[in-house]
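Colleague: I would like to go through two helices and one residue with you. Please give the reasoning before each value.

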Amino acid sequence: MDKDMGTTTVAATDTDTGAGAGTNTDTDTGAGRDAQAASALTLGDVEIIRIEEVRGSFGAPGELFPGIEDTWRAHEEWLTPDFRDPDSGQVLAAVQAWVLRSGGRTIVVDPGVGNGRERPGTPHFSHLDTDFTDRLARAGVRPEDVDLVVNTHVHGDHVGGNTRADGGGWVPAFPNATYLVPRPDHDFYGLDGAARTPHDNHRLLFADSIAPVVEAGQAVLWEDSHRIDSRLVLEPAPGHTPGSSVLRLASGADRAVFVGDLLHSPAQFLAPTCSSALCVDRARSARSRVRVLERAADEHELVIPAHFPGPAAAEVRRAGGGFAVSRWRA
């Protein structure tokens, strides 16, 4: 999510709303648990913790996902209240990061919007002042403890937390970390790249959130694929942005895939060819989404998108021309 979608309400939150139940879900994980406790899970030898920054209503479904209106209406009960605002009918979403502990290292995936950003194209992300760093601390993560930061793609709500304000400029927020940035996105959104928006969001986010870590010598620009360790590997899934990627986890018998912005709503499980209006190449994004979900269903990978509020991870199976949620997790 990285452009102005009209009337939007976002708020910092510390609570989880529970699991969505309905005709497309075989089991329900329950409701009313504390977000931090509800979002911790262990897969094989990897510990995973979700750290939420903000959540709220992000726009009308047809505006966010052109062509999804019929599917949305048919499954409103299933999507409500975790993924659909019952009052406005808008899409509910969250901005959040994932902390992984793997092989003795601490890894932060997609560290959010960050505070104090100038984002004229996304006013709901401008000049945030959240306690995200305190939430990391409550999870036992100090900035200096982070070994690796993964940006699944270069959008403001995935890279802003890379840096912090310091003396009128921006410096890496995680001083000892290596930052993994997809090279196609670095080149596309860079100061000399092809991407521009009417409000110049991309120039601003690159200048305050990407350039400082590159200039500090802390960035690794990768392409094709990048293995982090024996359990984790980054792979391309282009379309949302030129360098959009997924992070695959394989540890013991457990499998998972952090899909970034391939999915913004579980309605896209049901209509996987409906891409977000925010995608640079919607057709390519749809191909990437279907390919990743087919593998997840066939190989029993837990699907972990970037923006699901409430239950944030799903076990999926093939169902007709789309996919169904067999079980919610996290």
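Colleague: At which residue does H8 bend, and by about how many degrees?

Modeller: This is a predicted model. Helix H8 covers residues 201-215. The bend in H8 falls at alanine 207, and its angle is about 40°.

Colleague: What distance separates the end C-alpha atoms of helix H8, and what span should its 15 residues have?

Modeller: At 1.5 Å a residue, the 15 residues of H8 should span 21 Å. The end C-alpha atoms agree with that, being 20 Å apart.

Colleague: How many of the 15 residues of H8 are buried?

Modeller: Buried here means under 20% relative accessible area. The residues of H8 that meet this include Leu204, Leu205, Phe206 and Asp208. Their cover includes helix H6 (156-159), helix H7 (183-189) and strand E10 (219-222). H8 is largely enclosed by the rest of the structure, because the buried count is 11 of 15.

Colleague: Which residue just after H8 takes a positive phi?

Modeller: The phi in question is about 75°. The residue that takes it, just after H8, is glycine 217.

Colleague: Now the other helix. Within what arc do the buried residues of H10 fall, seen down its axis?

Modeller: The buried residues of H10 are Ser285, Ala286, Ser288, Arg289, Val292, Leu293, Ala296 and Ala297. They line one face of the helix, because seen down the axis of H10 they fall within an arc of 165°.

Colleague: Which backbone nitrogen does a side-chain oxygen of aspartate 281 reach at the start of H10?

Modeller: The distance is within 3.3 Å, and a polar contact requires N or O atoms within 3.5 Å. The nitrogen that the aspartate 281 oxygen reaches belongs to alanine 283.

Colleague: Is serine 285 buried or exposed, and what is its relative accessible area?

Modeller: Serine 285 lies in helix H10 (residues 282-299). Leaving out residues up to four places away in sequence, serine 285 touches Pro238, Gly239, His240, Leu262, Ser275 and Cys279. Serine 285 is buried, and its relative accessible area is 0%.

Colleague: How far apart in space are serine 285 and proline 242, C-alpha to C-alpha?

Modeller: In sequence, serine 285 and proline 242 are 43 residues apart. In space, their C-alpha atoms are separated by 9.5 Å.

Key: Residues are numbered from 1 along each chain as its sequence is written. This is a predicted model: local features need pLDDT of at least 70, side-chain atom pairs count only at pLDDT 80 or more; totals for chains, interfaces and linings use all residues. Side-chain values use heavy atoms; hydrogens and water are left out. Helices (H or I, at least four residues) and strands (E, at least two) are DSSP runs, numbered from the N terminus. Buried means under 20% relative accessible area, exposed over 50%, partly exposed in between (1.4 Å probe, protein chains only). Contact means heavy atoms within 4.5 Å. The expected span of a helix is 1.5 Å times one less than its number of residues. The bend at a residue is the angle between axes fitted to the seven residues ending there and the seven starting there. The arc is that of the directions from the helix axis to the C-beta atoms. A polar contact is a pair of N or O atoms within 3.5 Å; within protein, one must be able to donate a hydrogen and the other to accept it, and residues adjacent in sequence count only if both atoms are side-chain atoms.
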